[in-house]
Amino acid sequence: MSYPIPVYTAQAVKDWESRWFVAGNSSYGLMQQAALMMANHLLGQLAPSRVCIWCGSGNNGGDGYLLAVYLSRHHTVHIYQIAPPASADALRACQAAIDAGISITNAPVVADVHIDAVFGNGLDRPLTDEMLVIVDDYNTHTGYKIAIDIPTGLHPDTGMPLPASMRADMTLCLMGYKVGLLTGCAKSHVGKLICLPLIPADDALITTAHIDNTLPTLPTRDGSRSHQHKGDYGSVMVIGGHPTMGGAVIMSAETAISVGAGRVTISTHPNHHPAIIARKPNLMVHDIDQMYEARPEHMTAICIGMGLGRDKWSLVVCDVYRQKLAQLTIPIIIDADALWCLAYCSNIRLPANAIATPHHAEAARLLGISADAVEADRIHAIRSLQSRYGGQWVLKGANTLTINMHGKIRICTLGNAAMATAGMGDVLSGMMAGILAQAPTTPIHQIVALHAYCGDVLSADGIVVDVNQMGRMASQTLKAIAK
């Protein structure tokens with residue numbers, strides 16, 4: 001798959017279709033094309049089986065009627081007509097199904113495959129009580145579940161249920177990717193996502209974001225580079241570690257050195273120095289309260305906040321380092337408790353070289369809203385973070401978002417629930433610092449993709465990803481890419 005891939009709002013896709021029809025193209029012809037492409041895809045995926053297509057009254061239902069016609073050549077197909085067709089194209093499609101002898105019922109039948117053709121791209125309002133019953137009925141039926149365009153009940157722009165959604169094992173997305181298939185709760189409802197483009201993009205089509213799972217490339221350390229030394233591969237400083245919390249900075253620093261950083265220094269509370277030296281003697285340590293001895297101005301990347309704590313001591317330390325780091329032009333990753341401290345600073349503007357990496361709760365604190373409000377519209381949230389604070393941002397979570405200094409949003413579709421474990425964010429910060437120390441122009445979304453990719457590989461070994469293996473896996477992946 002070639003990246004980046006454009007992602008659109010529901011309205012952008014509707015406008016795109018409208019321009020296609022204004023140009024003289026047939027709306028029913030587009031419906032036929034959509035149904036035929038879906039059928040051709042499914043015929044290669046499904047063994048001969050009993051199929052029940054749940055059809056609504058609109059054009060999504062029309063897609064379902066025509067899909068039934070094409071699938072009936074190889075499968076036993078029944079249509080559950082939830083509501084009579086209302087649009088002209090849906091009426092015509094329904095008649096085509098009748099003419100083809102498709103069984104149309106007023107209740108769902110037992111089937112191996114259930115296809116959701118109830119609502120498509122147009123639903124942006126809460127479902128009625130009657131529809132909520134149908135959604136629940138669909139979800140309780142056994143069999144493989146497929147959604148046409150968007151699972152019924154899922155908001156096409158936010159990926160949030162309205163307030164419930166049909167759950168699919170596969171979603172056949174028509175025209176182009178919609179934002180709601182990739183954000184919010186989408187991963188719990190969409191299943192395998194297949195995009196079936198139907199018409200060419202035009203110049204007026206507005207892109208909201210891009211899917212981009214491109215992995216970063218670093219120079220391989222083969223014999224041709226034997227004249228170089230550790231100083232040529234960057235120097236990282238990891239700042240954090242409250243007197244009672246030392247693990248986070250160790251995980252960040254270990255990851256930074258695993259991805260190739262030549263030198264890594266941990267600036268942390270002296271309580272943690274013996275443990276760091278015993279665990280990883282190639283890491284250097286400094287007292288976090290003696291900033292000038294650590295000499296951050298000699299670094300090529302810095303990450304701050306891991307295990308820093310949330311008390312008066314933390315605020316004082318963060319403020320001292322913030323004033324120093326504001327003078328630097330190197331990549332600076334702001335994570336964890338440094339984000340908590342940032343929320344207490346008024347009128348702070350981050351420079352373009354600063355990269356903040358909150359999860360939804362940290363983003364909510366920074367924006368002064370609820371965590372649910374962040375999850376309800378993650379695209380709006382990451383734009384708001386950059387608008388208020390400047391800098392670059394990573395909004396962690398299912399399908400992590402990034403926004404660069406130019407305001408371009410990337411969506412990473414890699415990663416899985418097994419990565420929801422303590423230390424995963426600390427590892428990402430160290431990975432970013434380690435790679436940016438060597439190659440400061442590396443796009444941040446590529447490092448996010450590497451982190452998620454490593455999580456996907458390691459998730460096969462257990463119910464949670466071992467964060468201590470993330471650096472090793474990232475190192476192996478970077479080496480393979482370089483070769």
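How many bridges join strand β5 to strand β6, and do they run parallel or antiparallel? Four bridges join β5 (residues 113-117) to β6 (residues 144-148), and the two strands run parallel. Within this pair, H114 stands opposite K145 in β6. The model is predicted.

**The seven-stranded sheet**

β5 and β6 belong to an open sheet of seven strands. Its order is β4-β3-β2-β5-β6-β7-β9, and the pairing is parallel. β4 (103-105) and β9 (192-196) are the edge strands, and each pairs on one side only. From one strand to the next, the twist averages 20 degrees.

**The 12-stranded sheet**

A second open sheet holds 12 strands. The order reads β8-β1-β10-β19-β18-β17-β16-β15-β14-β11-β12-β13, with mixed pairing. β8 (177-178) and β13 (284-287) stand at the edges with a single partner strand each, so one side of each lacks a neighbour in the sheet. Strands of a sheet pair through backbone hydrogen bonds, either parallel or antiparallel.

At the β8 edge, the partner is β1 (residues 5-8). Two bridges join β1 to β8, and these strands run parallel. V7 stands opposite Y177 in β8.

**Helices across the 12-stranded sheet**

Two helices lie across strands of this sheet, and the angle of each is given to β14 (301-306).

| Helix | Strands it lies across | Angle to β14 |
|---|---|---|
| α9 (residues 312-325) | β11 (235-240), β12 (263-268), β13, β14 (301-306), β15 (332-334) | about 160 degrees |
| α14 (residues 424-438) | β11, β14, β15, β16 (350-356), β17 (390-395) | about 170 degrees |

Both α9 and α14 lie across β11, β14 and β15. Helix α9 also lies across β12 and β13, while helix α14 also lies across β16 and β17.

Note on methods
Residues numbered from 1 in each chain as written. Predicted model: local features only at pLDDT ≥ 70, side-chain atom pairs only at ≥ 80, totals over all residues. Heavy atoms only, no water. Pairing = 2+ DSSP bridges. Contact = heavy atoms within 4.5 Å. Axes fitted to C-alpha atoms, helices over the stretch in contact; angles between N-to-C directions.
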